[in-house]
Amino acid sequence: MARKAAFLIALVPALLAAAPLAARPRGDERNALVSYYTPDYLAFKKRIMAEFARAKAGRFSEFVRYRRKDEDKSLDQKVIALTFDACGGRHSGYNAALIDYLRKEKIPATLFVTGIWIEKNRGTFEKLSKDPLFEIENHGLMHRLCSTEGRTKYGVHGTRDLGDVVDEMELGARKIANLTGRRPVFFRSATAYTDDLSRKVAARLGMEVVSYDILAGDAMRLSARKMSRNILAGARHGAVVIMHFNHPEWPEKQALELAVPELRRRGYNFAKLEDFTVK
Ligand SMILES: [Zn+2]
């Protein structure tokens, strides 16, 4: 328990620092949405909201859907998925050294990006989306924590209701699909917290909610050595590692330089999330 408490205390300031919209006025947000509110989209949103009008929010948790692929018999090898979020807002940087490292080592990875990060990194985003090493998935249009009853965590800016959740998921997905020609199939809520109803809405929109198994700890500002230790300690077949690629000043690359040779020595390979699911 003491370790858990210390972990949470350490996590709060880091997540607050990663919450670009925490202090953003609602008016700005409304203005940003206007261009997305086409008549077609609004009709679609209304239909989805009607379908879920009587549904209960359910459990609010970091692990509303916990992908456990170690039960997946389709893979008889040891595989780990490295996932990297790009949150956006004030933190719309790009960790080029990290991405270059993944390319050099030919490590496939899944990148969860927000619409607001894409806006600030258009050229980079297009290059990443054309690289077969990377899978682009949905981290929401505006990096709002998805709760259908307006709950939030760590003071991070959240959705107010079901309608906001639909916006965050569907408009994020449409933005990625419009630019890449591929609609995302996974969704990760800001901070990974969400509720059962949001998970059902995501499924209705064709996306599976993904949390994580291994918190490397970059957002807690851990050293490369500590992050590497967390990755190695949690390593098992099917594990999903969460890190970020929107902070060039964070040492994810250095952590991987320590962890990857050891993971390979233990017989692990790396896969994109979409390759975990073999139909
Ligand atoms: Zn994020």
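How close do the axes of helix H4 and H10 come, and at what angle do they cross? In this predicted model, the axes of H4 (residues 96-104) and H10 come within 8 Å and cross at roughly 30°. Angles under 35 degrees count as roughly parallel, so H4 is roughly parallel to H10. On the H4 side, the contact is made by Ala 97, Leu 98 and Tyr 101. On the H10 side, Glu 252, Lys 253 and Leu 256 take part. By class, this contact of H4 with H10 has four nonpolar, no polar and two charged residues.

**Overall makeup**

The chain has 279 residues, and 43% of them are buried. It holds 10 helices and 10 strands. Take the contacts between residues at least 6 apart in sequence: 81% of them join residues at least 24 apart.

**H10 and its second partner**

H10 (residues 252-265) also packs with helix H9 (residues 224-234). Their axes come within 7 Å and cross at roughly 35°. The crossing of H9 and H10 is right-handed. From H9, the residues in contact are Ala 224, Arg 225, Met 227, Ser 228, Ile 231 and Leu 232. They meet Gln 254, Ala 255, Leu 258, Ala 259 and Glu 262 of H10. Seven nonpolar, two polar and two charged residues make up the contact of H9 with H10.

**H7 and H8**

Helix H7 spans residues 162-180, 19 residues in number. From its first C-alpha to its last, H7 reaches 27 Å, close to the 27 Å expected at 1.5 Å a residue. H7 is mostly covered, with 14 of its 19 residues buried.

Helix H8 covers residues 196-204. Its buried residues are Leu 197, Ser 198, Arg 199, Val 201 and Ala 202. What covers them includes H7, helix H3 (39-51), and the strands E5, E6 and E7 (208-209).

**Positive phi values**

Two glycines that follow helices have positive phi, as do two residues that are not glycine. The table lists these four.

| Residue | Phi | Place |
|---|---|---|
| Gly 181 | near 80° | follows H7 |
| Gly 206 | near 85° | follows H8 |
| Tyr 154 | about 55° | loop between E4 (134-138) and H7 |
| Ala 192 | near 75° | loop between E5 (186-187) and E6 (194-195) |

Is Tyr 154 buried or exposed? Tyr 154 has 20 C-beta neighbours inside 10 Å. A residue is buried if 20 or more other C-beta atoms lie within 10 Å, so Tyr 154 counts as buried. Ala 192 has 19 such neighbours inside 10 Å and therefore counts as partly exposed.

**Thr 124**

Thr 124 lies in helix H6 (residues 122-130). Thr 124 is partly exposed because it has 15 other C-beta atoms within 10 Å. The C-alpha atom of Thr 124 is separated by 9.4 Å from that of Ala 96. Along the chain, Thr 124 and Ala 96 are 28 residues apart.

Key:
Residues are numbered from 1 along each chain as its sequence is written. This is a predicted model: local features need pLDDT of at least 70, side-chain atom pairs count only at pLDDT 80 or more; totals for chains, interfaces and linings use all residues. Axes are lines fitted to C-alpha atoms, for helices over the stretch in contact, and angles run from 0 to 180 degrees between N-to-C directions. Helices (H or I, at least four residues) and strands (E, at least two) are DSSP runs, numbered from the N terminus. A crossing is left-handed if the near helix is turned anticlockwise from the far one by less than a right angle, and right-handed if clockwise. Two residues are in contact if their C-beta atoms, placed from the backbone, lie within 7 Å. Ala, Val, Leu, Ile, Met, Phe, Trp, Tyr, Cys and Pro count as nonpolar, Asp, Glu, Lys and Arg as charged, and the others, Gly among them, as polar. The expected span of a helix is 1.5 Å times one less than its number of residues. A residue is buried if 20 or more other C-beta atoms lie within 10 Å of its own, exposed if 12 or fewer, and partly exposed in between; C-beta atoms are placed from the backbone. Angles under 35 degrees count as roughly parallel, over 145 as roughly antiparallel, 65 to 115 as roughly perpendicular and the rest as oblique.
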